[in-house]
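Subject: Structure for you to look at

Hello,

Here is the structure I said I would hand over. My notes on it follow below.

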Amino acid sequence: MDIELRGITKRFGPVVANAGVDLHVRAGEVLGLLGENGAGKSTLMNVLCGLYAPDEGEIVIDGRPVTFDGPSDAIAAGIGMVHQHFMLVPVFTVAENVILGIEPTGQLDFLDRAAARRQVREIGDQYGLRVDPDALIEELPVGVQQRVEIIKVLFRSADVLILDEPTAVLTPQEVEEFFGIVRALRDAGKAIIFITHKLDEILEISDRITVLRGGRVAGQGDPETLTTRQLAEMMVGRPVSFDVEKAAYAPGDVLLEVRELTVLRNNDEIAVDDVSLAVRSGEIVGIAGVQGNGQTALIEAITGLRHPAGGSIIYDGRDITHSSVRARHAMGIAHIPEDRQRTGIIGDFTIAENMVLNSYYDDRYASGPSIRWPEVMQHAARYAADFDVRTPSVHAKAFQLSGGNQQKLVVARELTRDTKLLIAAQPTRGLDVGSVEYIHKRIVEARDEGDGVLIMSSELDEIVALSDRIVVMFKGRIVAEFDAFRGPVDRNAVGLAMAGSVSEAAA
Ligand SMILES: Nc1ncnc2c1ncn2[C@@H]1O[C@H](COP(=O)(O)OP(=O)(O)OP(=O)(O)O)[C@@H](O)[C@H]1O
């Protein structure tokens, strides 16, 4: 199958998200699609999937122009999208999820299920996508859930697969396995569009690269000859520095102390098991770990989103174990949450409103019960510019921003409040390299000015680049610690500890 997008233009009011974009992808190749936040990648893919009708331009399949009246037309034409946020039903099995939505009767009968299970196995064997068809989704690791999403589109006979930031949630080992699957799909004649912000990955997996900038194609690249630095410059239009510069390590007093903390998951399993941890002013402590080892619950307990089952949290000399989220904000704790959609922003609020979501009651923005809107607008406009939140106006709604720009909005809000401690969970997820560079600089500035920083990231490179000390969590416990301020840490040793091999990895 051969797919061409010709002269695609898509506007949202005054914003031109795609301006005459041409894109060509053929059977048996991986096309890497790159571009800074807001460049128009998601919009273009939504046009290809039938979610948006283009204002101008056409989609041509095997030489014939087609029109999609909705996603089901695109699916029928053989186009499948694997979304970044999985759309699986946790309490259903793999096979049930795969046939969900296409079962003819609306009810899954025995024959449908048996056929689905057989086909899940067959697809798995063909492409190395091994999954137990009877496993419950909620019991599967994230990497395996992603395979289910891919099986789902293959089950619907997709010939073109769009993979939207597929490695964001995977561990380094899972990424390698995943690349094996992508190659198997390509070798079987599928056309693959691979979207990511990770430049080394795009160079490894793509046969060709297309870069979007400002809604237009900014260039094409050959992964054989391009370097990550050249690619970064093509994307953002200026050189990007991958190094982080920090002042000498000179920490102050202990600012945050977590003592023998135990936190339960919703199903009462132990997520955090007797963890003790300290963060001083003027230092960055990094929590490394594979997703699902308790880091999220630990951060939720520290920021007040989850009540601990035991232990205590001391901040700035005060016991905050049972303080409200708002009280913690008011005491000077900033929080960049892991899931920006759920706890970071309110989509229907404007950018300006989101910018003061947890400080609108501050004297700067309120006099008595009324909000001082001119001050709020001024503040929002200034920081949206500083953090390069791409929007025509701070009156726009947050949902109208691209994913990366929503993330920049959350980071801007938290880094510009008057705080002493920053808790940052996956602060640069979904950000382009230029924005990552800027956010890293701001986090280090906060540390150099004496703030304490606790950062959690599944990007080992990010943890190693920023942290003065690194702790590794595995199965709810801290299993290793590394003093990065003494000199470069051994990434392999951190990786081993993340996988649970503690004795070999002991720092
Ligand atoms: N529903 C919408 N309403 C208004 N504007 C929108 C909407 N969706 C996207 N846009 C705008 O279109 C432009 C392109 O956004 P898009 O989401 O396609 O970017 P992207 O390249 O996928 O970015 P990211 O890397 O951050 O995901 C942005 O300026 C964005 O604000």
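This is a predicted model. I start with helix α1, which lies across β3 (29–35), β6, β7, β8 (191–195) and β9 (208–213). The direction of α1 makes about 150 degrees with that of β7. Another helix, α8 (residues 228–236), also packs on the sheet, where it touches β3, β9 and β10. Between α8 and β10 the angle is about 165 degrees.

The sheet itself is open and has 6 strands, in the order β6-β7-β8-β3-β9-β10, with mixed pairing. At its edges stand β6 (79–82) and β10 (216–221). Each of these two has a single partner strand, so one side of each has no neighbour in the sheet. From one strand to the next the twist averages 20 degrees. For β6, the connection to β7 (residues 160–164) is parallel and consists of 4 bridges. One residue pair to look up there is Met81 and its bridge partner in β7, Ile162.

Next, the ligand. There are 18 residues around the ligand, and those that come nearest are Phe12, Ala17, Ser42, Ser402 and Gly404. Two or more residues of this shell come from each of β2 (15–26), α1 (41–48) and α14 (403–415). Helix α1 therefore appears twice in these notes, as it lies across strands of the sheet and also gives residues to the ligand shell. By class, the shell has 5 nonpolar, 11 polar and 2 charged residues. Domain 1 (2–236) and domain 3 (334–418) each supply at least three residues of the shell.

On the domains, the assignment for the protein chain gives domain 1 (2–236), domain 2 (252–332 + 452–507) and domain 3 (334–418). How far apart are the C-alpha centres of domain 2 and domain 3? The distance between these centres is 27 Å. The contact between these two domains involves 4 residues of domain 2 and 4 residues of domain 3. On the domain 2 side, the residues that touch domain 3 comprise 4 polar ones, with no nonpolar and no charged residues.

One more helix is worth a note. In α9 (residues 295–303), 9 of the 9 residues are buried, so the helix is largely enclosed by the rest of the structure. The buried residues include Gln295, Glu300 and Thr303, as well as Leu298, Ile299 and Ile302. After α9 comes Gly304, which has a positive phi, near 90 degrees.

Regards

Key:
Residues numbered from 1 in each chain as written. Predicted model: local features only at pLDDT ≥ 70, side-chain atom pairs only at ≥ 80, totals over all residues. Buried ≥ 20, exposed ≤ 12 C-beta atoms within 10 Å, placed from the backbone. Domains from an automatic or database assignment. Contact = placed C-beta atoms within 7 Å. Nonpolar A, V, L, I, M, F, W, Y, C, P; charged D, E, K, R; others polar. Near = placed C-beta within 6 Å. Pairing = 2+ DSSP bridges. Axes fitted to C-alpha atoms, helices over the stretch in contact; angles between N-to-C directions.
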